[in-house]
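Colleague: I am new to this structure and would like one careful, connected account of a single part. Please start with any disulfide, follow the strand beside it, and then set that part within the rest of the chain.

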Amino acid sequence: MRFAFAALVALTATPALAEDLVFTLVNDSSLTITEMYVSPVGVDQWGENILFGAVDPGVSGDVTIADGLDVCDYDLRFVSAEGGEAEQSQNLCDMATFTVTD
């Protein structure tokens, strides 16, 4: 099964460049997210899994990207416990919440 993605409009201040990017990840899917990888758009390798635990359906939590880079556009890769994978590019400076859906 593949994930679909929906970005919600940011209702809080967005982070400045060269600072950690912090946003809320909302798992509004029926799958348990076990891994999340990020990479600046255009970079051909993924960083390490940035989740410290599984994100069950209906659960949300803050995610921090602390890479020190002056970029906003990231490729995101999600892996579920059920074997699903999904990728999407997103400007993370323009949002406070990222929602994963089926």
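Modeller: The count of disulfides comes to 1, and everything I say about that link and its surroundings refers to a predicted model. The two partners are C72 and C93, whose sulfur atoms lie 2.0 Å apart. The angle about the S-S bond is -85°, which makes the link of C72 and C93 left-handed. Although 21 residues separate the two cysteines, and the pair links distant parts of the chain, each of them sits in a loop: C72 in the one between β4 (60–65) and β5 (73–80), and C93 in the one between β6 (85–91) and β7 (97–101). Both C72 and C93 are buried.

From the loop that holds C72, the chain goes on into β5, and this is the strand I would look at most closely. β5 is mostly covered, since 7 of its 8 residues are buried. It has pairing partners in β3 and in β6. With β3, which spans residues 33–40, β5 pairs in the antiparallel sense over 7 bridges, and β5 and β6 also run antiparallel, joined by 7 bridges. One residue lets you follow both pairings: R77 of β5 is the bridge partner of Y37, and the bridge partner of R77 in β6 is E87. The connection from β5 to β6 is a hairpin with 4 residues between the two strands, and within that turn G83 has a positive phi of about 100°.

R77 deserves a second look for its side chain, because side chains of opposite charge can pair when their charged atoms come close. The count of salt bridges comes to 1, and the pair in question is R77 with E85, whose closest N and O atoms are 2.9 Å apart. The two partners differ in how much of each is covered: R77 has a relative accessible area of 18% and is therefore buried, the cut-off being under 20%, whereas E85, at 39%, is partly exposed.

It helps to place this part within the chain as a whole. The secondary structure comes to 0 helices and 7 strands, so that, in the order of the elements from the N terminus, you meet a β strand at each step. Of the 102 residues in the chain, buried residues make up 37%.

Beyond the loop that holds C93 comes β7, and here 5 of its 5 residues are buried. T97, T99 and T101 point one way from this strand, while F98 and V100 point the other way. The partner to look for here is β2, residues 21–28, which runs parallel to β7 and is joined to that strand by 5 bridges. Among these contacts, L25 has F98 as its bridge partner in β7.

L25 also leads to another feature, for L25 is one of the residues that line the largest pocket, and the others include I50, F52, V55, V59 and D62. Rolling a probe the size of a water molecule over the atoms shows where empty space is left. The volume of the largest pocket is about 180 Å³. The largest share of its lining, 5 residues, comes from β4, which is the strand before the loop that holds C72. By class, the lining of the largest pocket has 7 nonpolar, 4 polar and 1 charged residues.

A last stop is the loop between β3 and β4, where G58 is found. G58 is exposed, because its relative accessible area of 66% is over the 50% cut-off. The C-alpha atoms of G58 and T32 are separated by 9.3 Å, and the two residues are 26 residues apart along the chain.

Key
Residues numbered from 1 in each chain as written. Predicted model: local features only at pLDDT ≥ 70, side-chain atom pairs only at ≥ 80, totals over all residues. Heavy atoms only, no water. Disulfide = S-S within 2.5 Å. Buried < 20%, exposed > 50% of the residue type's maximum accessible area, 1.4 Å probe, protein only. Pairing = 2+ DSSP bridges. Salt bridge = Lys/Arg side-chain N within 4 Å of Asp/Glu carboxyl O. 1 Å grid on protein atoms, 1.4 Å probe; cavity = no way out; pocket = protein on both sides within 12 Å on 5 of 7 lines; lining within 4 Å. Points joined across faces, edges and corners; volume = space filled by probe spheres on them. Nonpolar A, V, L, I, M, F, W, Y, C, P; charged D, E, K, R; others polar.
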